[in-house]
Amino acid sequence: MPEPTEALAVPPPPPGPPGAAGTTQTPAAPSPPGRGARRSVTARATLAGAIVSLLLVAAIVLGSRLLRDFDSALLPYAVATVFLAFGVAYRYTVWVSAPGARRLFRKGFGSFFSADNFRKAPTALPRMIATYLGFQKFLGARSRSRWIAHQLIFWGCILAALITFPLTWGWFTFTSDSGSGPGYEMRIWGFKVLGFNALNIVGWLMFHGLDIAAVLVIPGACYFLWRRMKDRGAITGQRFAYDLLPLICLIVISVTGLLLTFSSIFLHGGGYEFLAVLHMVSVVFTLIYIPFGKFFHIVQRPAAVGMQLFKYTARQDEQVFACKRCGEPIDTTPYVENLRGTMRDLKLDYNAFVEYCPRCKRVLRGNAYLSHVKKGFK
């Protein structure tokens, strides 16, 4: 199939964003957003953060039965979760204000809650939640060891969050009629859910759930820390605050948590106060850091699941877009149209080259270079 002559009619453009290689025109750089637009986004993000924070405070007060079940010793953790809620809402609002992310958000969550998609493929959404969010099979294609380490961190953090947050907010309480056990009752919002003996396996699991989470997290975080110290590819682009600090925080939280248990069982409380303060500081810092560091991808991931569902349902309808040059499938037609829309929003003017696969884009760019740039040096 002959190559498009328009691709060879002009010199190649300067390097652009991913996917723009081989473009036929040199588009004008998109003008940066004005100061008023930036102020508008900041104002919306601040308002969203304030609303979510106030809702969480109200949930804490109501869920703890007007603070009757709230443990004042856990106040720093509760305050940190309020800051976490503000930061997540603020950052998420800023993120979805960008044209590309806004389209991802709309298409992703539109597919996520689409009744039509559910009718077409009723099992697709549960399977994608399990495989993409839960077991992250896409990581296994890169490296089995990285997938295992990521799973250890993921499930350890999920377990820790399910225990820590409700306890911190006063939603969960453990009470004993005798004051010292061994019989305990677990209550949620004041309602008895479970009675257990602290000396049997159920009681041990109840009181050592955070220790189990720490045992899961430590090897996973240590593996990634070791990899970032040894792997040349990881070393090249890593940043301390973005790539290494989150791993260090997870290790410090997990180790100090285990040392608290060790101190109470084997040292009769020796050094417990110091360890408790160190553990609290590390947890509070990490919670506040989450919205502005690498861990923010945890909040973004559900939108990506929606986008995967969006592409999956289009493939089921055989809406596949083929490369204009070689005929190889590129992606689904709705996904390509969504990409066109994003480029129009960004004023990048790369619409024509969305129709070519990555290999053909490189070929067209190379041919344009040989025909125009290289030719000028003969």
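Tutor: A residue counts as buried when its relative accessible area is under 20%, as exposed when it is over 50%, and as partly exposed in between (1.4 Å probe, protein chains only). Before we use that, remember that this is a predicted model: local features need pLDDT of at least 70, side-chain atom pairs count only at pLDDT 80 or more, and totals for chains, interfaces and linings use all residues. Residues are numbered from 1 along each chain as its sequence is written, and side-chain values use heavy atoms, with hydrogens and water left out.

Student: Okay, let's try it. Is G63 buried or exposed?

Tutor: Buried, because its relative accessibility is 7%. You'll find G63 in helix α2, residues 35-63. Helices (H or I, at least four residues) and strands (E, at least two) are DSSP runs, numbered from the N terminus.

Student: Which residues does G63 touch, not counting those up to four places away in sequence?

Tutor: Those are G170, W171 and W189, where touching, or contact, means heavy atoms within 4.5 Å. Take G170: in sequence, 107 residues separate G63 from G170, yet their C-alpha atoms are 6.8 Å apart in space.

Student: How much of the whole protein is buried?

Tutor: 37% of the 378 residues. The protein has 16 helices and five strands. Look at contacts between residues at least 6 apart in sequence, and 63% of them join residues at least 24 apart.

Student: Can we check a strand? Where is E185?

Tutor: E185 sits in strand β2, which covers residues 183-188. With a relative accessible area of 19%, E185 is buried. Skip its neighbours within four places in sequence, and its contacts are T173, F174, T175, K192, L194 and G195.

Student: And what about a loop residue, like C326?

Tutor: C326 is in the loop between β4 (320-322) and β5 (329-332). This residue counts as partly exposed because its relative accessibility is 37%. Beyond four places in sequence, C326 is in contact with C357 and C360. The C-alpha atoms of C326 and C357 are 8.1 Å apart, although the two residues are 31 places apart along the chain.

Student: How do I read a nonpolar core?

Tutor: Think of a set of buried Ala, Val, Leu, Ile, Met, Phe, Trp, Tyr and Cys residues joined through side-chain atoms within 4.5 Å. In this model the largest such core has 20 residues, and A221, L250 and L287 touch the most other members. At least two residues come from each of α3 (75-97), α8 (144-169), α10 (209-230), α12 (240-266) and α13 (272-289).

Student: Which helix gives the most to this core?

Tutor: α12, with five residues. As for L250, its contacts more than four places away in sequence are I153, C157, V217, A221 and F295. Apart from this core lies another one, of 10 residues, including F112, L125, V305 and L309.

Student: F295 again! Does anything else touch it, or is that a separate story?

Tutor: T286 touches F295 too, along with C249 and I253, leaving out residues up to four places away in sequence. T286 lies in helix α13 and is buried, with a relative accessible area of 6%.

Student: How do I judge the length of a helix, say α10?

Tutor: Compare its reach with the expected span, which is 1.5 Å times one less than its number of residues. α10 has 22 residues and reaches 32 Å from first C-alpha to last, close to the 32 Å expected. Its buried residues include A213, A214, V217, I218, A221, F224 and L225. An α-helix has 3.6 residues a turn, so residues three or four places apart point the same way.

Student: What do the buried residues of α10 pack against?

Tutor: They pack against α8, α9 (201-207), α11 (232-237) and α12. For a shorter exercise, take α15 (333-346): its 14 residues reach 20 Å, close to the 20 Å expected. Next comes K347, with a positive phi near 60°.

Student: Last one: how do α3 and α13 pack?

Tutor: At an angle of about 10°, with their axes 8 Å apart. Axes are lines fitted to C-alpha atoms, for helices over the stretch in contact, and angles run from 0 to 180 degrees between N-to-C directions. Under 35 degrees counts as roughly parallel, over 145 as roughly antiparallel, 65 to 115 as roughly perpendicular and the rest as oblique. α3 and α13 are therefore roughly parallel to each other. Among the residues making the contact are Y77, F83 and L84 of α3, and M280, V283 and L287 of α13.
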